[in-house]
Amino acid sequence: MKTVEHTLDTLPPLTEAQKSDLKRLAALPDDEIDASDIPELTAAQLAEMKRPEHFRPVKKQITARLDADVLAWLKASGKG
């Protein structure tokens with residue numbers, strides 16, 4: 001079997017049929033979505049799961065310029 005890998009930059013655009021399918025599915029309530037073809041994980045499988053040893057979320061430092069009133073509003077709701 002051939003493995004295909006994509007990044008956000010290399011994903012092909014969605015077709016109109018795919019877009020309409022996604023809109024239709026998004027409109028369905030959760031209890032109407034048929035997930036019967038997806039097996040539930042067993043307690044044993046869940047117990048075996050663990051985060052990769054060297055997992056670290058990717059963090060990026062940015063610089064942003066904000067108006068003084070926006071910065072004051074952001075700081076007013078937290079620890080700094």
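Read along the sequence, the protein follows the pattern α-α-α, with three helices and zero strands in total, where helices (H or I, at least four residues) and strands (E, at least two) are DSSP runs numbered from the N terminus. The radius of gyration is 22 Å, well over the 12 Å that the globule rule gives for 80 residues, so the protein is more spread out than a compact globule; this radius is taken over C-alpha atoms, and the globule rule is 2.2 Å times the number of residues to the power 0.38. What you have open is a predicted model, in which local features need pLDDT of at least 70 and side-chain atom pairs count only at pLDDT 80 or more, while totals for chains, interfaces and linings use all residues. Residues are numbered from 1 along each chain as its sequence is written, and side-chain values use heavy atoms, with hydrogens and water left out.

Begin with the whole chain in view, shown as a C-alpha trace, which spans about 55 × 40 × 35 Å along its principal axes. Switch to a surface, and the accessible area comes to about 8900 Å², of which 57% belongs to carbon and sulfur atoms; such areas come from the Shrake-Rupley method with a 1.4 Å probe, and for residues only the protein chains shown count as cover. Buried residues make up 0% of the 80 residues, where buried means under 20% relative accessible area, exposed over 50%, and partly exposed in between (1.4 Å probe, protein chains only).

Next, select helix H1, residues 16-27. A search of the whole structure finds two salt bridges, a salt bridge being a side-chain nitrogen of Lys or Arg within 4 Å of a carboxyl oxygen of Asp or Glu. Show the side chains of lysine 19 and glutamate 16, which meet in a salt bridge at 3.7 Å, N to O; both residues lie in helix H1, three residues apart, about one turn of the helix. Lysine 19 is partly exposed at 37% relative accessible area, whereas glutamate 16 is exposed at 59%.

Stay on helix H1 and select aspartate 21 together with arginine 24, whose closest N and O atoms are 3.8 Å apart in a salt bridge. Here too the partners are three residues apart in helix H1, about one turn of the helix. Aspartate 21 is partly exposed, with a relative accessible area of 38%, and arginine 24 also counts as partly exposed, at 48%. From arginine 24, draw a distance to alanine 76: the two are 52 residues apart in sequence and 41 Å apart in space, C-alpha to C-alpha.

Move on to valine 58, in the loop between helix H2 (43-48) and H3. Valine 58 counts as exposed, at 74% relative accessibility. A second distance, from valine 58 to alanine 27, joins residues 31 apart in sequence and 32 Å apart in space, C-alpha to C-alpha.

Finally, select Leu66, Val70, Leu71, Trp73 and Leu74, which form a nonpolar patch on the surface with about 490 Å² of accessible area together. Patches are made of residues with over 30% relative accessible area and no salt bridge, with like charges joined within 9 Å and nonpolar side chains (Val, Leu, Ile, Met, Phe, Trp, Tyr) within 5 Å. Within this patch, leucine 71 lies in helix H3, residues 68-76, and is partly exposed at 38% relative accessible area.
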